[in-house]
Each structure stands twice: as C-alpha cells, then as structure tokens.
Amino acid sequence: MNMKRSVLTWILVALHIGGAGLRADEPGQPEAAERMEWFRDAKFGMMIHWGIYSTRGGIAPDGSPQKAKYTEWYQSANKLPYTEYSKLAKDFNPVEFDADEWVQIAKKAGMKYITITSKHHDGFCLFDSAHTDYDIMDATPYKRDVLMELREACDKEGLKLCYYYSHAQDWEQYDAWHTPTCAFPDKRGTPVDHERYLTGKALPQVEELCTRYRPDGFWFDTPWFNKERKIPNLSISKRFSEIVRKHRPSAVINSRISYGAIAGTKNLDTSLFDYLSLKDQGIPSGKLPLYAESPDSVHHSYGYDARPGVHYRTAEELLGRMAQVIAGNGNYLLNVGPTGKGSIPAPAVKELEAIGAWMAANDEAVYGTHGSPFPWRKGGMPVTTKDNRLYVFTGTGQDSVTLPGISSRVVGAWVLASSATVEVQQRENDVVLTLPKDDEAFMPVIVVECEDNSFVGR
C-alpha cells in the first residue's frame with residue numbers, strides 16, 4: 001500500500017470526472033454496470049496483505065522495531081539488497097494457513113469478498129507462476145498454492161475473490177520502475193529494461209491470474225510508470241486493462257491501475273477502471289460523486305505487525321468508519337495482516353467477531369443500500385437508503401438524532417436490531433428521532449420508514 005493523498009484530492013478528481021460525463025450512476029461503458037452490480041451490493045470486504053515480509057512483522061534485522069509505518073515495505077524500509085531479503089522466502093512456511101478458516105472468519109464478519117496480495121511491491125508471488133521462481137511453490141518450503149486454495153474456499157462459501165497486484169513496482173526486478181537502490185546497488189532500470197519487465201513478468205502474470213485463478217476483481221497499486229510518480233502513462237495502464245477485459249471481462253478494476261498522486265488531470269481515462277480507490281485508510285468526510293472503496297486496516301500497518309504497542313482498532317471504531325464509507329457512496333475494505341505462520345492475529349479476529357455480531361442484527365442497513373441523500377460532512381450522521389427507508393447510524397448511548405427535512409411523510413421509526421419504537425418529530429426543516437431510554441442495542445441503527453423515497457427536495 002502507498003497512496004499519500006487526501007480524500008479531498010479524490011473528491012476533486014471525481015468532480016472532474018463527473019464534469020466529463022461519468023457519474024456514480026452513469027458508468028463509463030455499458031458492461032460496467034453489470035460488472036459493478038455485485039460490488040455495489042457487497043459493501044464490505046476483507047483485504048489481506050501477506051507475504052515473506054510477514055515472517056518479520058516489522059522487526060528489523062537487528063531486532064529493533066522498524067520505524068517505517070508499513071511492515072509490508074520491509075525490504076525498502078530496512079535497505080536490504082534482494083540477495084538478502086529474498087532469503088526470507090526460506091523462512092516462509094505458513095503451516096497454520098487454512099483457506100477455509102480465513103474465508104469463514106470473513107464470512108462470519110459479514111464480508112462479501114476478499115482482496116489478497118497476489119504480488120506486492122517486493123515481487124514475491126503467492127501463486128504458482130510460470131514466469132518467476134520467486135513464488136510460494138518454488139522459493140519456500142511450504143510449496144502449496146495458497147491462492148488456488150483460497151479461490152476454492154471462496155467458491156464453496158459464495159464469496160468473491162479479488163487479486164491485489166503491484167504492476168509497476170517489483171523489487172525482484174531491477175528493470176521494473178522504482179526498485180529501491182538497495183535492492184540492486186549496481187543496476188538501474190532503463191526504458192528498454194522496463195519493457196522487458198512488462199512483457200517478461202507483469203503482463204503475463206496478470207494474464208495467468210485471469211485464466212487460471214478466475215478473479216472477480218483486480219486491485220492494482222502504485223502506477224508509477226515514470227520518474228515523477230505523478231504523470232500517468234495511460235498507454236501502459238491500458239495494456240493491463242486490456243488483458244483483464246479480454247480474459248476476465250466480469251472482473252472489476254480499481255482506479256490505481258492508472259491514477260497515482262495527481263489531481264485534476266485532463267488525461268484520466270475512466271474506461272480503464274470501474275471505481276475509485278480512496279487513499280490508504282481514507283475515510284470520506286462527505287458523500288463522494290463517484291462510487292469508491294476505502295482500503296482501511298485493523299491497525300496502522302497493512303502487513304503483520306509484531307512491534308510493541310500495536311493499536312488494534314475496536315469493533316466500535318471500525319463500524320463507525322465503515323458507516324461513513326458506505327454513507328459516502330462506497331465499499332469498506334478492511335485489511336488484516338496474517339502472521340508468517342499463516343494465522344490471522346487473535347486481536348483482529350476478536351474485533352471481526354464483534355463486527356459480525358453487529359452485522360447479523362443490522363445488515364439490512366448495509367447490503368444493497370445507497371449512500372446518504374443528504375449533504376453531510378465530518379461529524380454528521382451517516383445515513384444509507386433502500387427503497388422508502390432511511391437507515392441512520394448512531395453511537396452507543398446516543399439519546400437523539402436530528403436529520404435535515406424530509407419531503408416524504410415519516411410513517412414510522414424503530415431500532416433495527418431490537419425493533420424498539422423510536423419517537424419521531426417531523427418538522428418543516430428537520431426530523432428529530434428520540435431513541436428509547438431502555439434500549440441496549442450496540443451502535444443502534446434507526447430505520448426511518450417514509451411514504452415514498454422522495455427524501456429531499458423541500
């Protein structure tokens with residue numbers, strides 16, 4: 001992961017795209033709506049950052065905690081040459097990995113899809129690739145194709161599976177873009193070398209993933225096909241998009257296939273992707289003009305973090321963040337970083353179980369909903385809609401909620417999890433909802449049923 005930009009930047013870009021004719025309800029190409037149907041309905045997914053860096057958990061070679069935030073950037077953060085870093089593959093023996101268990105954890109949390117790092121920036125692959133020996137089958141003692149096992153487990157349980165693929169960066173290859181100097185101190189990539197990387201590894205591997213592993217989506221990252229890391233090279237991005245569209249036309253593609261750290265570009269080709277990726281752990285402060293996805297995490301890194309004092313966000317924190325994302329017109333992709341042995345850390349599992357309990361009582365307010373019909377900003381109340389109902393997300397212990405005026409007449413309101421009646425005062429300019437004092441629902445959602453779905457417009 002690496003996208004250091006504000007949510008405002010994405011909103012500005014989205015507004016620019018919208019001005020060019022692409023809006024949240026108006027896909028860039030006819031087949032996009034069909035591709036995006038499951039994705040829009042799902043709302044909630046699990047992201048998994050896992051690789052040979054997971055054996056270290058952010059602990060530097062000298063035993064001290066790595067200072068850089070992201071543990072998955074272990075090689076560059078600790079300035080390790082490829083010859084040294086690649087030795088971690090011999091330590092990667094995830095005997096505790098159980099694809100069925102991972103999928104069950106996700107499913108019980110209410111997640112509808114999984115996005116896993118098939119290849120991160122370090123170049124190591126979690127699948128059996130014919131285009132490198134730097135993969136789990138050839139370079140590790142484990143010698144099991146975990147990606148195929150996860151594909152089969154997702155199929156069995158009805159979850160979608162998407163593949164994160166770092167397409168510009170690959171630190172096994174000096175001829176890829178932005179390979180750290182430490183990886184190959186005596187070598188530098190040139191444009192000719194870059195083309196060799198593309199045709200020798202990156203493009204064939206994306207085709208390999210499409211034809212053998214049946215992706216439901218691709219999550220590309222850091223499209224830095226130039227020195228500046230700012231100006232997109234759309235011709236290269238298009239080569240990746242064309243492979244996916246040819247071999248797996250049903251797969252959704254994120255905007256990081258072509259869009260890096262730029263804003264307001266006139267060269268943004270919206271035909272290359274299906275939805276916007278917000279910044280790392282970016283939670284929108286308002287409704288987004290285009291459909292988006294927030295790649296959040298259970299803690300501040302994405303890879304497994306064994307450093308002292310790691311703060312795992314609580315279920316209440318995570319649910320609050322999710323509410324803002326789906327009310328803002330997007331999906332919430334929550335990352336976990338399994339250990340080098342292949343287990344999802346217990347603190348993450350604990351919070352996911354609590355989220356799952358909440359989802360079991362409140363999923364009507366999440367799946368298949370639309371974003372808030374009201375203008376809102378940070379600190380405002382997240383709201384989703386479905387048919388003639390509003391779903392108002394509140395905090396535990398909150399006494400009342402005030403909404404803007406609603407055009408339609410409110411015919412009833414209740415707490416979704418408990419069915420307890422909520423008192424309604426509908427006035428010309430606002431609607432006041434008072435929760436029952438004896439209701440003990442955790443982070444209650446208020447259902448507001450109206451005569452019709454004309455919620456705004458007074």
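**Helix α8, the open sheet and strand β14**

Colleague: What should helix α8 span, and how far apart are its end C-alpha atoms?
Modeller: This is a predicted model, and helix α8 covers residues 234-247, which is 14 residues. At 1.5 Å a residue, these should span 20 Å. The expected span agrees with the distance between the end C-alpha atoms of α8, which is 20 Å.

Colleague: Which residues of α8 are buried?
Modeller: A residue counts as buried when its relative accessible area is under 20%. In α8, the residues that meet this are I236, S237, F240, S241, I243, V244 and R245.

Colleague: What is the order of the strands in the open sheet of eight strands, and which are the edge strands?
Modeller: The sheet is open and its pairing is parallel. Its order is β5-β4-β3-β2-β1-β8-β7-β6. An edge strand pairs on one side only, and this holds for β5 (252-253) and β6 (276-277).

Colleague: Which residue of β4 stands opposite C162?
Modeller: Strands of a sheet pair through backbone hydrogen bonds, either parallel or antiparallel. Strand β3 (residues 160-166) pairs with strand β4 (residues 217-221) in the parallel sense, over five bridges. In β4, the residue opposite C162 is G217.

Colleague: Which strands does helix α6 touch, and what angle does its direction make with that of β3?
Modeller: Helix α6 (residues 146-157) packs on the sheet. The strands it touches are β2 (113-119) and β3. Between the direction of α6 and that of β3 the angle is about 155°.

Colleague: Is P375 buried or exposed?
Modeller: P375 lies in the loop between α10 (346-362) and β9 (383-386). Its relative accessibility is 74%, and the cut-off for exposed is over 50%. P375 therefore counts as exposed.

Colleague: What distance separates the C-alpha atoms of P375 and G328?
Modeller: Along the chain, P375 and G328 are 47 residues apart. In space, their C-alpha atoms are separated by 9.7 Å.

Colleague: Why is strand β14 described as largely enclosed by the rest of the structure?
Modeller: Strand β14 (residues 430-434) has five residues. It is described as largely enclosed because the number of them that are buried is four.

Colleague: Which residues stand opposite T434 of β14?
Modeller: Strand β11 (residues 400-404) runs antiparallel to β14 and is joined to it by five bridges. Strand β13 (residues 423-426) also runs antiparallel to β14, with four bridges, and a hairpin of three residues joins β13 to β14. Opposite T434 stand S400 and E423.

Note on methods: Residues numbered from 1 in each chain as written. Predicted model: local features only at pLDDT ≥ 70, side-chain atom pairs only at ≥ 80, totals over all residues. Heavy atoms only, no water. Pairing = 2+ DSSP bridges. Helix = DSSP H or I, 4+ residues; strand = E, 2+ residues; numbered from the N terminus. Contact = heavy atoms within 4.5 Å. Axes fitted to C-alpha atoms, helices over the stretch in contact; angles between N-to-C directions. Expected span 1.5 Å × (residues − 1). Buried < 20%, exposed > 50% of the residue type's maximum accessible area, 1.4 Å probe, protein only.
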